[in-house]
Amino acid sequence: MFELASESGQTDELFQEVKKLLPIIRENEDLTKMMNHPKIVIEEKQKIIENIFRNRISREMTGLMRMIIAKGHYNEFGSVLEYFITRVKEYKKIGTASVTSAMELSLAQKDSIRRKLLDTTDYVQFEITYETDPALIGGIIIRIGDRVVDGSVQGKLARLKSELVKTKLQMP
């Protein structure tokens, strides 16, 4: 799907469409039950999808849904959409970060973090979610994909404890 989108110049359009469609697919339990019902034949499931989404989603997206239903993988459709979003973000160099701090950050602090992330990575844009966790005591934890930068007081104390245990074990 990503290759089709990039070759046809529809990356932005399909990206926006997928971002709107994903929550609908994830949150609609009745549709999921219907698509997974063993007594409803594949052709009927495809007709249901076409009727629900006719003139609401692109021909390409309808075709993808029909193919996934035909293969009996409707349960993975949300994962397929998430993967497409991830591929487009990589292509457009949009980073996704999660920042956890001990207390609410000011707009200036958030802007400073965003600028620092842009300066230290290859991304040209960031989507950042912010959370607070008083257990951190102070500082912040930044997660970008599978990378974690732990600048929290809690993390520093844990590293100090680990070093002290190592030192204690090495003493005669």
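Is Ser98 buried or exposed? Ser98 is buried, because its relative accessible area is 18% and the limit for burial is under 20%. This residue lies in strand E1, which covers residues 94–101. Leaving out residues up to four places away in sequence, Ser98 touches Thr129, Glu131, Ile141, Ile142 and Arg143.

**Confidence**

The model is predicted. The chain has a mean pLDDT of 90, and 97% of its residues reach 70 or more. Among the elements of the chain, strand E2 (residues 125–132) has the highest mean pLDDT, 96. The lowest, 77, belongs to helix H8 (residues 153–170). Where pLDDT is low, the predicted coordinates should not be read in detail.

**Nonpolar cores**

In soluble globular proteins, nonpolar side chains tend to be buried together. The largest nonpolar core here has 25 residues, and the members that touch the most other members are Leu21, Ile25, Phe53, Met61, Phe77 and Leu81. At least two residues of this core come from each of H1, helix H2 (11–27), helix H3 (29–36), helix H4 (42–53), helix H5 (59–70) and H6. H2 supplies the largest share, 6 residues.

Met61 shows what such a position looks like in terms of contacts. Apart from neighbours within four places in sequence, Met61 is in contact with Met1, Leu14, Glu17, Val18, Leu21, Phe77 and Leu81. A second, separate core holds 9 residues, including Val99, Leu105, Phe126 and Ile128.

**Aromatic rings**

A pair of aromatic rings is described by the distance of the centres and the angle of the planes. The whole structure contains 3 aromatic pairs. One of them joins Phe2 and Tyr91: the ring centres are 5.5 Å apart and the planes stand at 75°, so the pair is edge-to-face. This pair links distant parts of the chain, since Phe2 is in helix H1 (residues 2–7) and Tyr91 is in helix H6 (residues 77–92), 89 residues apart. The two partners differ in burial: Phe2 counts as buried, at 11% relative accessibility, whereas Tyr91 counts as exposed, at 52%.

Tyr123 and Phe126 form another edge-to-face pair, with 5.2 Å from centre to centre and 75° between the planes. Tyr123 is partly exposed, with a relative accessible area of 29%, while Phe126 is buried, at 9%. Phe126 is also one of the members of the second core.

A charged side chain also meets a ring: Lys110 lies over the face of Tyr130, at 4.8 Å from the ring centre.

**Positive phi in two loops**

Most residues other than glycine have a negative phi. The table gives two residues with a positive value.

| Residue | Phi | Loop | Relative accessibility |
|---|---|---|---|
| Asn55 | near 65° | between H4 and H5 | 76% |
| Lys93 | near 55° | between H6 and E1 | 40% |

Which of the burial classes applies to Asn55, at 76% relative accessibility? Asn55 counts as exposed, because 76% is over the 50% cut-off. Lys93, with a relative accessible area of 40%, is partly exposed. The loop that holds Lys93 lies between H6 and E1; H6 carries Tyr91 of the first pair described above, and E1 carries Ser98.

Methods. Residues numbered from 1 in each chain as written. Predicted model: local features only at pLDDT ≥ 70, side-chain atom pairs only at ≥ 80, totals over all residues. Heavy atoms only, no water. Phe/Tyr/Trp six-rings, centres within 6.5 Å; stacked < 30°, edge-to-face > 60°. Helix = DSSP H or I, 4+ residues; strand = E, 2+ residues; numbered from the N terminus. Buried < 20%, exposed > 50% of the residue type's maximum accessible area, 1.4 Å probe, protein only. Lys NZ or Arg CZ within 6 Å of the ring centre and 35° of its normal. Contact = heavy atoms within 4.5 Å. pLDDT = per-residue confidence, 0-100. Core = buried A, V, L, I, M, F, W, Y, C linked by side-chain atoms within 4.5 Å.
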